Structures are given as structure tokens and as C-alpha cells.
Amino acid sequence: MKSSKKFHTSNPEPASAIDRSVPDIPAAQLSDEDRYFRAHKPPQYLDEIAGLVQEFVDFHAESGKPVVLVTSGGTTVPLENNTVRFIDNFSAGTRGATSAEYFLEAGYAVVFLHREFSLLPYSRHYSHTTNCFLDYMTEIDGKIEINPDYAADMLKVLRKYNQARESRSLLLIPYTTVNQYLYTLKAVAEIMQKLEAKALFYLAAAVSDFFLPSSRMPQHKIQSRDQEGGKLVVNLEQVPKFLSRLVENWAPGAMIVSFKLETDESILLSKAKSALDKYQHQLVIGNLLQTRKREVVFVTPDGETKWVKLSAEDAAADKEIEALIIPEVVRYHQAWVRQHSS
């Protein structure tokens, strides 16, 4: 398994400090996406990440193995260039990290585009827990060993991790800000074009809906004493909806799965269908905030809806809903590949 730990996406880039020559809103005839990419600089490390992804995709394209891009975790919206304050969301990356494991078990190669320091496949079993990680260890004859209470389960996870690493089937790519996410998504998608129908996009990241344009971002920390009336007022812009560009331009031919999270059950299906109509992709997985770990609904462009739920027995046995989600997604993707290979 290749790791990108040398790319610390949470560190600010002083070299990309505010540039007053960059227009806030370019000419109106440009699309929202074009305006965004013209007005915001790519991450400094993007070319290096693109090289890693290109090598990964080429390796698996040669064997004909399907490749899925799993996006995971939340994005931050910096309020300063040398970032002290930012807007965030609650996503820990549970769905993405868990889903990545099941995709690997299903025979996919996985590009895991994740929020830096969010949950990762396999290590999530021990990082996202109420136990201290030291609880998994014990001292025997002056040496550190695995606590026998956890050894059997840890061995299962270790074997799966080693299989993913030895088969070069998992590539970890980090991001922190919404800008880093968007630029990296575009770069990875364009590289995956060569896979055509064997490319799958599983967009589980919680992407910010609003951002502060770089042209209005102060270079240094906002000083509280300078705020009139003791209030900080920030005017945010809406993040362009890039899903249509992904479908039409960045990765035409790929199957694209998005998620729709709502808190009101009465609008969930209509919102999912509206997204399919608007962006013309292949599948929306709808879920309610209150029950997202127990049930989801699959919605397709032809109006098909299918609810997938954990049974009471499954829930009692701590079965993960992703164990039901991923086989369904794989089934849809296999049908997509057959449709485009005939």
C-alpha cells in the first residue's frame, strides 16, 4: 500500500498568500466551475499526487481490475490564508473508510481520497474507539505484545491490510480544505478516464456548500479587536456543484455514485431523484442523519428505489451497514460495465 504521509494538507501554504491581482468574480460568461479554477490556485503538491495516481491506475488498468475512487471525510473552509480559523463539519470519514474495506474485499483497487487525520481503512478499527490504543497492548517478560483479549480480531484486520498492501490495491490521498479536495478530485478523475466503465466514483465525502474566495481571504489571523462591534461577519460564496462536470467532462464513461443526506424523511426521495435529474449520473444513495448507520435507500434514474436495512439481529451483532451497501453498488457497477462493453 502506498501512503502519502509526506503531503501534510492541513499545513497552510504561505507561498500562496492572497494575490490581489486575482479577480474575485471573472467574466459572467464563464461557468461557475471555470470561474472557480481561474480564481483559485491548485495545491503545491498536486503534480506529485497526480504522478502517484497515474502509476496506480496504469498498474491496475493493465490487469483489467476495476478501480474505485472513494472520497471520505469533511472539508474545511479556511477564513485566513495562514489558517487559524476555519469552518468544518462533523464527518469523521466512517462511511468512506468502512466502504473502502468492503470494496477491497470485492476485488476493487481503491484510491482513497480522504480528509487528513480522518479515519482510514483498517486502522479505523482501533483509532475510532473509546479504548485507548494502549489497551490493545500488554507487557509480557519485559516485551510489548498484543493483549490476548483483542489478538484474534486484530489478526483478521492485519491479514486484510497486508493483502491490500501486497496487491498494491489501496492508495491513500489526503486533503484538508475544500479547494484541495476539488482540485484533487478533478486531477484523479481525469487520470481515471482511461478506465472508462471500469472506473467507479463513490462520493462519500461531506463537501462544504460554501467557501470564502481567496481574493477576500486575509493573509494572517483575523484580530478580534479589529472587528466592529465585537462581531465577525463573513460573506461566503456557494461552492460550485462539480458533479455535472465530473459526469460530462472529467470522467465520461465512469459510473458515479453520490450520497444524499437529509434530516426530513418526507423529502429524501424527491431530493435524490432531483439530483439524478440535474446531474445525470447513475446512482444516489439516500440516508437520514438519524438512521444512516442502519438503513439507506438506492435511487436510480429510471425511478427504481430499494431500501437496504440492517435487521435487529445484524444490529445486535454490530454488523456494518456498508456490508450491505457495497455488494449492491458492485452489482450496479457490474451491470454498467456489461452495458458499455456490449
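**Getting to know the cores and helix α6**

Mentor: In this predicted model, the largest nonpolar core has 51 residues, and those with the most contacts inside it are Val53, Leu69, Tyr181, Met192, Phe201, Leu203 and Leu246. Helix α6 (residues 178–192) gives the most to this core, with 10 residues.

Trainee: What makes a set of residues a nonpolar core?

Mentor: The residues must be buried Ala, Val, Leu, Ile, Met, Phe, Trp, Tyr or Cys, joined through side-chain atoms within 4.5 Å. Another core, of 39 residues, lies apart from the largest one, and Leu104, Leu170, Leu172 and Ile285 are among its residues.

Trainee: Why is α6 called largely enclosed?

Mentor: Buried means under 20% relative accessible area, exposed over 50%, and partly exposed in between (1.4 Å probe, protein chains only). In α6, 13 of the 15 residues are buried, so the helix is largely enclosed by the rest of the structure. Helices are DSSP runs (H or I, at least four residues), and strands too (E, at least two), numbered from the N terminus.

Trainee: What makes arginine 168 partly exposed?

Mentor: Its relative accessible area is 36%, and partly exposed lies between the 20% and 50% limits. Arginine 168 sits in the loop between α5 (148–166) and β7 (170–175).

Trainee: Which residues does arginine 168 touch, beyond those up to four places away in sequence?

Mentor: Glu55, Phe56, Phe59 and His60, where contact means heavy atoms within 4.5 Å.

Mentor: Residues are numbered from 1 along each chain as its sequence is written, and side-chain values use heavy atoms, leaving out hydrogens and water. Local features need pLDDT of at least 70, side-chain atom pairs count only at pLDDT 80 or more, and totals for chains, interfaces and linings use all residues.
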